[in-house]
Structure formats: structure tokens, C-alpha cells
Amino acid sequence: MEKKYTKDRIIVGAVVLVMVFARQLLRPLGLADELWNYDLSRGLAMGYIPYRDYNMLQMPLFFMLMSLPLRLSRTLLMYRIVSSLMLSATALFFYETARKELGAAYSIFATVLGIIFFDVATYNTLLFFFILTSYVLLKKEYTPHTGHALGIFCALGILSRQTTGVFLTIACLILLIKGKEQKGKKAGAFILGASVPCLMFLIYLLATGSFFGFWDYCFFSLLKKGQSNTAFIPDSIPVLLIIAGGIISDIIIYRKKKEEKVLYHLVLTAVAATIAIPIVDMMHLSYAAMFSWIPILKILKETGREEMKKKICIFGITAIAIFSLFTDVLGNLGSVMCKGSPELVLIPTDNGIYETYVYISEINEEYENAGYKVAFFSSGAVMDSIITGDINPPYDVFLRGNLGTTDPLDYAVSACSDPYTVILIPDDYDTENYQNPEGIYSYITEHCTKIDSYGRFSWYLPDM
């Protein structure tokens with residue numbers, strides 16, 4: 001039995017690694033979410049302090065972890081390799097968790113089915129890892145050590161993503177103490193465990209002088225009107241249906257068996273789904289959808305012939321893996337490797353994106369050599385910083401909700417008031433990215449004069 005278990009682990013490990021690494025390493029340059037997350041991580045690797053030296057809405061744990069290997073090799077390739085390892089570890093942890101409830105064939109099927117919805121590793125990946133950990137701990141027989149551990153991982157969830165992390169912490173505390181016995185002791189153990197990472201983070205904020213910046217970017221900005229990045233993307237519909245199916249399946253199973261672990265799964269699925277607040281899309285919902293396959297497959301497992309269903313699972317696993325690899329390779333056809341930029345070595349690029357930003361960086365350098373500062377208002381401004389090996393806050397991640405309590409328009413007003421600032425902005429700024437702050441393009445074009453252009457980008461000087 002143990003021999004078969006080891007063989008299954010080797011197979012699923014190989015399948016997961018190939019699927020994940022192929023998608024991450026073959027992706028052509030240009031995905032904004034990847035570049036923004038890489039930029040925030042490289043900032044730490046370059047010695048900058050988040051919240052104090054550059055703007056960041058997100059909690060810091062993911063970026064702190066990702067910055068460690070970037071201190072050895074500050075390249076997007078290194079970032080992709082570590083991202084692949086994080087995604088693979090999360091998928092394999094899910095497999096181990098699902099296997100205890102579904103068996104090998106169904107859990108491998110659920111794992112590869114979940115992987116096809118993976119996009120890039122983000123702080124949400126890390127958070128889902130902590131959600132899985134919390135689920136495993138809740139199912140264990142309670143001891144003080146279990147309570148401490150649960151508190152620690154929930155706190156780490158908060159340090160990964162403030163909103164869902166808080167929901168996770170509240171949900172786990174309620175689930176932990178909902179019984180009649182030892183409520184006070186259980187709550188005490190949980191709170192003691194949670195206080196350790198929180199206290200360490202508080203010390204870090206105070207020691208680095210980033211305490212007030214942290215509150216401005218990570219919390220007060222969420223309350224500021226007009227700073228929300230609310231969006232509903234149609235690609236979320238398939239995963240929303242899977243999540244709904246998972247919740248319904250959990251309710252059916254719980255009503256039938258009254259098992260505590262089913263209730264834990266139901267609640268934590270709902271918690272994972274809050275990752276999609278405020279942007280409802282496939283990337284943010286993929287982890288809740290993956291978690292939802294456990295109850296769905298539990299119900300399917302109880303119907304029909306077992307051997308036939310296992311054969312269908314094996315066929316499905318093979319078909320999904322081949323389809324995933326085929327689409328990843330197909331999406332890379334026509335790509336070439338970036339040349340000339342140390343941070344983008346061995347990264348495939350297509351459609352002239354890389355060449356466009358290289359030329360833009362050269363023009364910007366000419367203006368800087370002439371004594372001007374360049375203010376680059378664009379969701380693609382991060383490309384300029386990566387190509388030049390620099391960091392340029394707040395323009396690298398100039399997005400609604402990512403600028404603290406400062407009104408985004410204030411940056412445009414400031415740039416247009418300085419005769420020694422050249423402003424670069426795309427002509428399609430208002431439609432370039434739905435996260436671009438509003439009113440920037442109209443203000444710049446009304447108060448500045450165009451002096452140069454390339455493709456869809458234009459340079460302006462303030463009217464003085």
C-alpha cells in the first residue's frame with residue numbers, strides 16, 4: 001500500500017511540476033499582474049522599504065518571501081522559477097489534502113483541473129496555502145499546540161492579504177471554539193499563536209519607519225471614495241459555477257452526515273471566495289474553485305461504477321495535462337528571447353512589446369540626460385523601470401487603490417506644475433487598463449503641450 005502511495009506521489013509530482021513550470025516559463029512577456037508583483041518584490045531586493053520608500057496596497061509577506069531569491073539573482077526568470085515552486089507546492093499540498101477524502105485518482109483529477117485555472121503566483125497563492133493549512137489543523141484533534149499553530153497560520157494569512165486574512169482568522173476562531181468545552185482555553189491558545197507574527201510585523205514597521213505609511217496604503221486607502229478597483233470579468237463565470245457547485249455539495253453532504261470537517265470545508269470555501277473582493281475574475285477565484293472540487297467529486301464518487309469512474313478520471317487527467325501543455329507551447333510560438341536587459345534574460349517576448357519599451361526607455365534617458373525628470377503615467381510604466389534596472393514610485397504601480405489616501409490627480413497636478421518634468425502618457429490611457437486612475441489624461445493634455453510621440457505614447461511639457 002505504501003509503495004503504491006509513493007508511486008502516486010511521484011506521478012502527481014511530475015505532472016504538477018511539468019504543467020506549472022511550462023505555463024510560467026513559456027509565458028510571453030507582458031502580463032501586468034506578473035510585472036507589478038515582480039516589481040514590488042524586486043524593490044525589497046534592491047533595499048527599498050515598502051510603504052516608506054514605495055507605494056504598495058498589499059500586505060508584505062508574499063513580497064518579502066519572493067525578494068529573498070531575487071537578492072541572489074534579480075531577474076524575472078528567477079522570479080518565475082520561484083513562482084513555479086510556490087504554485088507547485090500549493091497544488092501538491094492540495095493533492096495531499098484531497099487524497100485523504102477522495103483517494104488517489106479523484107484527487108489527482110481535482111489537482112490538474114485546478115491547475116489549468118492558475119495564472120501567476122501572487123499573495124493569493126500564499127493565502128490559499130494558509131487556508132489549506134487551517135483546514136488541516138481544524139480537522140485534527142484539538143491540543144494547545146494545534147490552537148497555537150492555527151493562530152499563527154491565520155495571522156500569516158492576514159500578512160498575505162488583509163481582507164480575506166481577517167475573514168479567515170474570524171472564521172477559524174469561531175470554528176475552533178464553537179463546541180461546549182474549553183472555549184476560553186482554545187481562544188487563548190489561538191490568540192497567543194496569532195500574536196507572534198503580528199508582534200514581529202509591528203516591530204518591523206517601527207524599526208523601518210514604515211508604520212504610518214503602512215496604515216495609509218493598506219487600510220485608510222480602502223476607505224477612500226473613488227479608490228476602489230471594483231470589476232467583474234466574464235471569465236469568472238465558469239469558476240463561479242464550480243464554487244456554487246462546491247458549496248451546494250457541501251450542504252448536501254453535511255445535511256446527510258453531519259461531519260464537522262464538511263462544515264469546516266464549507267466555511268473555508270466561502271472565505272477563499274472572498275479573494276475575489278473587489279475584482280471578480282478567474283485568477284482571484286481559481287483557488288476557491290479548486291477547493292470546491294473536493295465535495296463535488298465526493299458526491300460523484302458515490303454514484304455509478306467505481307472502476308469506470310477511475311478510468312474516466314485517468315483519461316481526464318491525461319487529456320487536461322496534454323491540453324495544458326499544448327496551449328502553453330502554442331502560446332509561445334513566434335516568441336523570441338529578450339536581449340539587452342539583464343533582468344529579462346531568457347524571457348520570451350512577442351508582438352514587439354519588449355522592443356517598444358526599450359525604445360521608450362532610450363527616449364526617457366535622453367530627457368533625463370538633458371536635466372528633466374520623467375513622469376510616466378501608464379499601467380506599463382513598470383516595464384521602463386525593469387528595463388533600466390531602476391525603480392520609480394509611484395509610477396511603477398500607478399493604480400486606483402494603490403496610492404494610499406493621496407488623490408491620484410495630485411500627482412498629475414504636481415507634474416504639470418514643474419517645468420523640469422517631462423510627462424509620458426499613452427494616447428489610450430483611459431482604456432489601456434481599467435485600473436488606471438481617472439482624470440489623469442484629460443488634465444495632462446489640457447495643461448501640457450505635446451513635444452514628442454512614438455506609437456501610442458506621447459511626451460508632454462507643462463504649459464508655464
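# A guided tour, starting from L344

Select L344 to begin: this residue is buried, with a relative accessible area of 0% (buried means under 20% relative accessible area, exposed over 50% and partly exposed in between, using a 1.4 Å probe and protein chains only). You are looking at a predicted model, in which local features need pLDDT of at least 70 and side-chain atom pairs count only at pLDDT 80 or more, while totals for chains, interfaces and linings use all residues. Residues are numbered from 1 along each chain as its sequence is written, and side-chain values use heavy atoms, with hydrogens and water left out.

**Stop 1: around L344**

L344 sits in the loop between β3 (336–337) and β4. Helix and strand names follow DSSP runs numbered from the N terminus, helices being H or I runs of at least four residues and strands E runs of at least two. Now show what surrounds L344. Leaving aside neighbours within four places in sequence, L344 is in contact with L29, L76, C338, Y354, I386 and I387 (contact means heavy atoms within 4.5 Å). Pick out I386 from that group: L344 and I386 are 42 residues apart in sequence, yet their C-alpha atoms are 8.0 Å apart in space.

While you are here, select L346, which lies in the loop between β3 and β4. L346 is not a glycine, but its phi is positive, about 65 degrees.

**Stop 2: helix α15**

Y354, one of the contacts of L344, leads you to the next selection, residues 353–369. This is helix α15, with 17 residues. From first C-alpha to last, α15 reaches 25 Å, close to the 24 Å expected at 1.5 Å a residue (the expected span is 1.5 Å times one less than the number of residues).

Which residues of α15 are buried? Colour Y354, Y357, I360, S361, I363, N364 and Y367 to see them. They pack against β4 (348–349), β5 (373–376), α16 (381–388), β6 (421–426), β7 (448–454) and β8 (457–462). After α15 comes G371, with a positive phi near 100 degrees.

**Stop 3: S458 in strand β8**

One of the elements you just met, β8, holds S458. At 0% relative accessibility, S458 counts as buried. Not counting neighbours within four places in sequence, S458 is in contact with I423, L424, I425, D427, K450, D452 and S453. For a long view, select K309 as well: S458 and K309 are 149 residues apart along the chain, and 59 Å separates their C-alpha atoms.

**Stop 4: helices α4 and α6**

Next, select residues 76–102 for α4 and 123–139 for α6. Two packed helices are described by the angle between their axes and the distance between the axes. Here the angle is about 25 degrees and the axes are 10 Å apart. Axes are lines fitted to C-alpha atoms, for helices over the stretch in contact, and angles run from 0 to 180 degrees between N-to-C directions. The two helices α4 and α6 are therefore roughly parallel to each other (angles under 35 degrees count as roughly parallel, over 145 as roughly antiparallel, 65 to 115 as roughly perpendicular and the rest as oblique).

To light up the contact, choose M86, L87, A89, T90, F93, F94, T97 and E101 of α4, then T125, L126, F128, F129, L132, T133, Y135, V136 and K139 of α6. Sorted by class, this contact has eleven nonpolar, four polar and two charged residues (Ala, Val, Leu, Ile, Met, Phe, Trp, Tyr, Cys and Pro count as nonpolar, Asp, Glu, Lys and Arg as charged, and the others, Gly among them, as polar).

Zoom in on T90 in α4. T90 counts as buried at 1% relative accessibility. Apart from residues up to four places away in sequence, T90 touches T125, F128, F129 and L132.

**Stop 5: helices α11 and α12**

Move on to α11 and α12, whose axes come within 9 Å and cross at roughly 155 degrees. That makes α11 roughly antiparallel to α12. The contact is made by I243, I247, D250, I251, I253 and Y254 of α11 and E260, V262, L263, H265, L266 and T269 of α12.

Between α11 (237–257) and α12, find K258 in the loop. K258 has a positive phi of about 55 degrees although it is not a glycine, and at 54% relative accessibility K258 counts as exposed.

**Stop 6: two cis peptide bonds**

Finish with P278, in the loop between α12 (260–273) and β2 (279–280). The peptide bond from I277 to P278 is cis, with omega near 10 degrees. Another cis bond joins P393 and P394, where omega is about 0 degrees; P394 lies in the loop between α16 and α17 (408–416).
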